[in-house]
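Reader: I would like a close look at a single part of this model, the strand that sits among the others, and at how its surroundings are built. Please take me through it step by step.

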Amino acid sequence: MIRGSIILLISAIFTITAVESRSLPFFGKKEYTPLVFFKVPKGTSPECDEMEKIISSVEKELKVKVQRFDILRDRFARNLFEKVDQVDFVGKIPLLYHRESRQTLYGLDAKSRVRAWAKGRWLSPKMADERGASKK
């Protein structure tokens with residue numbers, strides 16, 4: 001009787017802990033990161049593939065973690081992308097978003113700007129030349 005109550009109590013605590021953390025405790029807890037990368041599956045967009053390489057190198061350099069969201073495979077990611085994109089309404093992929101500074105980088109960008117974005121520094125807007133191509 002007492003043994004059954006203890007097992008029931010332990011399972012209730014385990015269930016509450018798992019529900020609160022949205023993951024099972026023995027699989028590890030997800031760490032918060034202010035850096036978000038909205039992308040499409042590999043091979044779909046050359047810009048996303050190139051930006052993935054840049055982000056991976058910046059992650060190693062600065063020892064930060066960027067949370068990745070695939071907007072074609074995840075409905076939650078698509079809804080989140082639309083909410084973030086409502087401010088500027090550019091609709092371009094890849095999109096980098098910094099949750100704390102609320103800055104966005106659309107499309108392929110220079111590694112120096114991605115590094116500054118990851119550090120949370122203020123980014124000047126990209127300037128467009130006469131042909132419509134953006135300068136980096």
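Author: Phe37 stands opposite Leu96 in β3, and this pair belongs to a ladder in this predicted model in which β1 and β3 run antiparallel over 4 bridges. β1 also pairs with β2 (residues 67-70), here in the parallel sense and again over 4 bridges, with Phe69 in β2 as the bridge partner of Phe38.

In a regular strand the side chains alternate between the two faces of the sheet. In β1, Leu35, Phe37 and Lys39 point one way while Val36 and Phe38 point the other way, and all of them are buried. Because 5 of the 5 residues of β1 are buried, the strand is largely enclosed by the rest of the structure. For the chain as a whole, buried residues make up 32% of the 136 residues.

The link from β1 to its parallel partner involves a helix, for β1, α2 and β2 make a right-handed β-α-β unit. The helix α2 (46-62) and the strand β1 (35-39) meet again in the largest nonpolar core, to which β1, α2 and α4 (111-119) each give two or more residues. That core has 14 residues, and those touching the most other members are Met51, Ile55, Leu96, Val114 and Trp117; Leu96 is thus both the residue opposite Phe37 and one of these well-connected members.

From the side of α4, the picture is similar: its buried residues are Arg113, Val114, Ala116, Trp117 and Ala118, and they pack against β1, α2, β3 (95-98) and β4 (103-106). Val114 may serve as an example, since, leaving aside its neighbours within four places in sequence, its contacts are Met51, Ile54, Ile55, Val58, Leu96, Leu105 and Asp109. After α4 comes Gly120, whose phi is positive, near 85°.

As for the wider frame, the chain has 4 helices and 4 strands, which run α-β-α-β-α-β-β-α from the N terminus on.

Some care is needed over confidence, which averages a pLDDT of 79 in the chain, with 71% of the residues scoring at least 70. The highest mean belongs to α2, at 96, whereas helix α1 (residues 2-21) has the lowest, at 46. Over residues 6-25 the pLDDT is below 50, and beyond near neighbours in sequence this stretch has 11 contacts in the model. Where pLDDT is low, the predicted coordinates should not be read in detail.

Note on methods
Residues numbered from 1 in each chain as written. Predicted model: local features only at pLDDT ≥ 70, side-chain atom pairs only at ≥ 80, totals over all residues. Heavy atoms only, no water. Core = buried A, V, L, I, M, F, W, Y, C linked by side-chain atoms within 4.5 Å. Buried < 20%, exposed > 50% of the residue type's maximum accessible area, 1.4 Å probe, protein only. Contact = heavy atoms within 4.5 Å. pLDDT = per-residue confidence, 0-100. Pairing = 2+ DSSP bridges. Right-handed = clockwise from strand over helix to strand, strands pointing away.
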